[in-house]
Amino acid sequence: MTAYILRRLLGTIPIILIVGVITFFLVQLSPGDPAMFYVSPDAPPDEVDRVRERLGLDQPVMTRFTFWLGEVFQGNLGVSFHQNRPVLDAFMDALPVTLWLAGLSMIIALVVGIPVGLLSALHPNGAVDRFSTIFVFIGVSMPNFWLGMLLVLLFSVTLGLLPAQGFNTNSAWGGFRSLLLPAITLGYSQAALIARMTRSSMLEVMRQDYVQTARAKGLRGHVVLGKHAFGNALNPIVTVIGLAIGSLVAGSAVVEVVFNLPGIGRLVVDSVMRRDYPMIQGILLLTAGMIILVNLLTDLLYALLDPRIRYD
């Protein structure tokens, strides 16, 4: 197991490097001059040139790339153009909000998705199954920003139960209330995917001979379901959950903008609007590393859930 983990960790280095190279050149070669965001519209050309020199944009692209890559290997992701502070510091300040949002969204997705999938599998082609189909169809079809606005209209504007925007840092309860609508918005689509995978995996397992044998022995339904069926159906569900975690972290940008949350997604969007190259490059690189780490943990979880799986 240890050797496998080391191999996987070493294998992530070229992946992160490729992500960094692609991100750098996509950002650096995108249209627009970042220097224009830090001078007045009627600034003379020599002032624009001084700003470009201060930001390091007067150097050739390959020179900038070599310098940036060397800094990355030393643990330095650069200094933000707009905030004028290290990118890593800005990332760490925004990270807790995104992690709380992703965690609460994942809890909602699991609490809703797995029971809906189980009930749908236990009553195929019935009323519950038809409800599950509609639930999944809406979840995978409705854009997050549209669902978020509908929830704001209902729970904030009409009912006045939950805040529409912002993040309350005065208390834990206030923070929870601030994240509830965004978490429902972000978690609904993942709940739909988990419900569909749970249904498919359970239906496949319940057709197996060992499940039929357990039923023939007269075991109670919940024992057959929990001990013999659900445990053996977990691996595909865990795969979807692992992908969902990555999607929640990477896909939080739209939701954080809609609800005005000071998380990583909002930070990326603001940086793109201001052409803050170091911030964009650093955040995308760190986010890619987080997603790769989640995938590694998902692989290791397979061995804990299924004794037949061994990593040598």
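Modeller: Quick term before we start: lining residues have an atom within 4 Å of a point of the pocket. Also, keep in mind that this is a predicted model.

Biologist: Got it. Which element gives the largest share of the lining of the largest pocket?

Modeller: Let's narrow it down. The helices that each supply at least two lining residues there are α1 (2-28), α2 (45-55), α3 (61-73) and α13 (277-305). The largest share is five residues, and the helix they come from is α3.

Biologist: And which residues lie nearest the centre of the largest pocket?

Modeller: This pocket holds about 470 Å³ of space. Its lining has 22 residues in it. Nearest the centre you'll find Leu55, Phe67, Val79, Phe81 and Pro278.

Biologist: How many residues of that lining are charged?

Modeller: Asp, Glu, Lys and Arg count as charged here. The lining splits into ten nonpolar residues and nine polar ones, and the charged group comes to three.

Biologist: Now the second largest pocket: how much space lies in it, and which residues are closest to its centre?

Modeller: The space is about 340 Å³. Of the 15 residues lining this pocket, the closest to the centre are Ile16, Leu17, Val72, Phe73 and Leu285.

Biologist: Which element gives the largest share of that second lining?

Modeller: Three elements give two or more residues: α1, α3 and α13. The largest share is five residues, and they come from α1.

Biologist: Last one: how many residues in the second pocket's lining are nonpolar?

Modeller: Check the other groups before you count. No charged residues line the second largest pocket, and two polar ones do. The nonpolar count is 13.

Methods
Residues are numbered from 1 along each chain as its sequence is written. This is a predicted model: local features need pLDDT of at least 70, side-chain atom pairs count only at pLDDT 80 or more; totals for chains, interfaces and linings use all residues. Side-chain values use heavy atoms; hydrogens and water are left out. On a 1 Å grid over the protein atoms alone, a cavity is a set of points where a 1.4 Å probe fits but cannot get out, and a pocket is an open set with protein on both sides within 12 Å along at least five of seven lines; lining residues have an atom within 4 Å of a point. Grid points are joined across faces, edges and corners, and a volume is the space filled by probe spheres set on the points. Helices (H or I, at least four residues) and strands (E, at least two) are DSSP runs, numbered from the N terminus.
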